[in-house]
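Grab a pencil and work through a few exercises on side-chain contacts. Each task comes with a solution you can follow step by step.

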Amino acid sequence: MANAQRERAVRSDATRNRDAILQAAATCLTDDPNASLADIAQAAGVARITLYGHFSSRNELMTELVHTSMARVEAELASVDLSGDAWHALESLVDVSWQLVNSLGVLRGVAEQALPAEVMHGSHADPRARVEHLLARGRADGSFRDDMSIAWQTACYFSLLHGAAAEVRAGRVGEAEVRDALFPTLRALLQASPER
């Protein structure tokens, strides 16, 4: 009985340390993209040896941080009501997606520089499938144009969101302008011709 309690306490400590490391990594790398593992360990309140016990390298930590962030993104996107009118559903999805992309923009930029493209691309599987499904539904009811592939329209959707976030980070465009322009821009891209 005592051994089982000790094991549970050790597992609980390990989980708490791992979560603290991931949270500290997100904060540190957002504040300073060049933050070291020592900086992250200090911010997490753990020894470097503890950090290395969970993540053997910066890339391993970054990969887990991307997966953790995308799990949060997926949980928020899954709560968006995409029923009813395809345009209304798209507007709702764009609104929530922009908030998430903008809030994670710096972290994404750091991850893109550190990790292979397939890690970043793979992390978007569920959000990508959601957009593709909505595009297919909008095509089926005649709302969205069908003279371009869904793959291309999906690529445009994500490129627009991430490109806008990069422009905001660079200070060339304001967040308010992006919020006002994102959906109309996508609408212009996806609108079916009147004669169709």
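The exercises below deal with charged pairs first and aromatic rings after that.

A word on the ground rules: this is a predicted model, where local features need pLDDT of at least 70, side-chain atom pairs count only at pLDDT 80 or more, and totals for chains, interfaces and linings use all residues. Residues are numbered from 1 along each chain as its sequence is written, and side-chain values use heavy atoms, with hydrogens and water left out.

**Exercise 1.** Work out where the partners of the salt bridge between glutamate 64 and arginine 18 lie.

Step 1: Check the contact. A salt bridge needs a side-chain nitrogen of Lys or Arg within 4 Å of a carboxyl oxygen of Asp or Glu. Glutamate 64 and arginine 18 come in at 2.8 Å, N to O.

Step 2: Place the partners. Helices here are DSSP runs of H or I with at least four residues, numbered from the N terminus. Glutamate 64 sits in helix H4 (residues 58–78) and arginine 18 in helix H1, so this pair ties together parts 46 residues apart in sequence.

Step 3: Look at exposure. Buried means under 20% relative accessible area, exposed over 50%, and partly exposed in between (1.4 Å probe, protein chains only). Glutamate 64, at 22%, is partly exposed, and arginine 18, at 29%, is partly exposed too.

**Exercise 2.** Find how far apart in helix H10 glutamate 175 and arginine 179 are.

Step 1: Their side chains meet in a salt bridge at 4.0 Å, N to O.

Step 2: Count along helix H10 (residues 175–190): the two are 4 residues apart, about one helical turn.

Step 3: For the tally, the whole count comes to 7 salt bridges.

**Exercise 3.** Classify the ring pair of tryptophan 87 and phenylalanine 183.

Step 1: Rings of Phe, Tyr and Trp (its six-membered ring) pair if their centres lie within 6.5 Å; planes under 30 degrees apart are stacked, over 60 edge-to-face, and the rest tilted. A search of the whole structure turns up 3 aromatic pairs.

Step 2: The centres of tryptophan 87 and phenylalanine 183 are 6.2 Å apart and the planes stand at 80°, so call this pair edge-to-face.

Step 3: Tryptophan 87 belongs to helix H5 (residues 86–103) and phenylalanine 183 to helix H10, so the pair links distant parts of the chain, 96 residues apart. Both residues are buried.

Step 4: Add the neighbours. Trp87, Phe144 and Phe183 make up one aromatic cluster.
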